[in-house]
Amino acid sequence: MKKKLVGVLGLGIFGRAVARQLSQFDQDVIAVDMKENIVNEFGNIVTKAVLGDITDKNFLLAVGLDHCETVVVATGNNLESSVLAILNCKKIGIPIIIAKAKNKIYEEVLYGIGATNVISPERDSGKQVASNILKHHIESIIYLENHVSIINFKIPESWVGKKLAELSIRQKYELNIIGTRLHKGGHLKLNVDPNTPLPPNIILVGIANDHTFEKFDYLDYLK
């Protein structure tokens with residue numbers, strides 16, 4: 001099992017969505033917020049929920065944030081807090097810093113001080129942000145309803161040359177392949193022949209039930 005350690009700074013609506021989604025896929029999460037009731041609520045959801053100030057570098061070091069591969073700065077409504085949190089993350093050596101911004105001006109500022117990626121709640125959902133942190137083969141996910149989604153993903157190397165009929169994808173991953181693309185964003189070709197060997201470097205498109213396929217990809221089991 002390949003887990004990631006992710007920090008989530010700020011547990012507002014957006015931060016809570018990211019933390020819940022990451023935890024649902026068995027990832028280790030350090031969540032920090034200034035509100036005690038929210039921290040207490042997430043104590044049984046994430047690996048570590050801590051009450052404290054995300055603008056305090058020494059505090060972030062004390063809670064182990066420097067061991068995170070990725071940190072999500074989810075306090076997009078307070079520019080000063082976001083800026084200080086990002087600067088602290090850079091100082092303690094976080095490789096990937098994802099920050100929430102409430103408008104275009106905030107976005108430009110956060111990129112300017114070193115955020116790796118800046119997201120907007122109007123454009124990016126908590127589920128999508130969590131998926132982007134964890135994915136290995138998945139290119140994109142469209143969440144529909146009742147745990148049903150459409151997934152575009154790069155073909156795993158071990159599938160090349162094999163037939164869909166022999167891979168038992170539906171049984172293993174609760175995923176029905178509906179088409180292929182020659183490249184990301186390319187034209188969708190439907191009616192895939194289950195008895196034709198799969199070529200390398202194509203994008204497979206499937207309809208997934210529940211989150212089974214996502215879990216396999218996020219834990220890097222699709223090999």
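A polar contact here is a pair of N or O atoms within 3.5 Å, and within protein one of the two must be able to donate a hydrogen while the other must be able to accept it. Keep that in mind as we walk through this structure, which is a predicted model.

Our tour starts at N88, a residue of helix α4, the stretch from 79 to 91. Its side chain comes to 2.9 Å from the backbone oxygen of T55, and that distance falls within the 3.5 Å limit. T55 also appears among the residues that N88 touches once those up to four places away in sequence are set aside; the full group is I54, T55, D56, K57 and L60. Is N88 buried or exposed? N88 counts as buried because its relative accessibility is 7%, and the cut-off for that class is under 20%.

From here, let us move on to strand β11, which covers residues 203-209 and holds A208. The C-alpha atom of A208 lies 37 Å from that of G93, and 115 residues separate the two along the chain. A208 has a relative accessibility of 3%, so this residue, too, counts as buried. Which residues is A208 in contact with, leaving aside its neighbours within four places in sequence? They are H147, V148, S149 and I151, together with E174 and L175.

L175 leads us to the next element, since strand β9 is made up of residues 175-181. Strands β9 and β11 pair in the antiparallel sense, with six bridges between them. To find your place in this pairing, look for I177, which stands opposite G206 of β11. Strand β9 is also joined to β10, a strand of residues 189-190, by two bridges, and these strands again run antiparallel. There, G179 has L190 of β10 as its bridge partner.

Our last stop is the space inside the protein. Rolling a probe the size of a water molecule over the atoms shows where empty space is left. In this model, the count comes to one cavity of 30 Å³ or more, and the largest cavity has a volume of about 30 Å³. Which residues line the largest cavity? The lining consists of I98, N117, I119, V129 and N132. Two elements, β6 (117-119) and α6 (126-134), each give two or more residues to this lining. Sorted by class, the lining has three nonpolar residues and two polar ones, with no charged residues.

Key. Residues numbered from 1 in each chain as written. Predicted model: local features only at pLDDT ≥ 70, side-chain atom pairs only at ≥ 80, totals over all residues. Heavy atoms only, no water. 1 Å grid on protein atoms, 1.4 Å probe; cavity = no way out; pocket = protein on both sides within 12 Å on 5 of 7 lines; lining within 4 Å. Points joined across faces, edges and corners; volume = space filled by probe spheres on them. Helix = DSSP H or I, 4+ residues; strand = E, 2+ residues; numbered from the N terminus. Nonpolar A, V, L, I, M, F, W, Y, C, P; charged D, E, K, R; others polar. Buried < 20%, exposed > 50% of the residue type's maximum accessible area, 1.4 Å probe, protein only. Contact = heavy atoms within 4.5 Å. Pairing = 2+ DSSP bridges.
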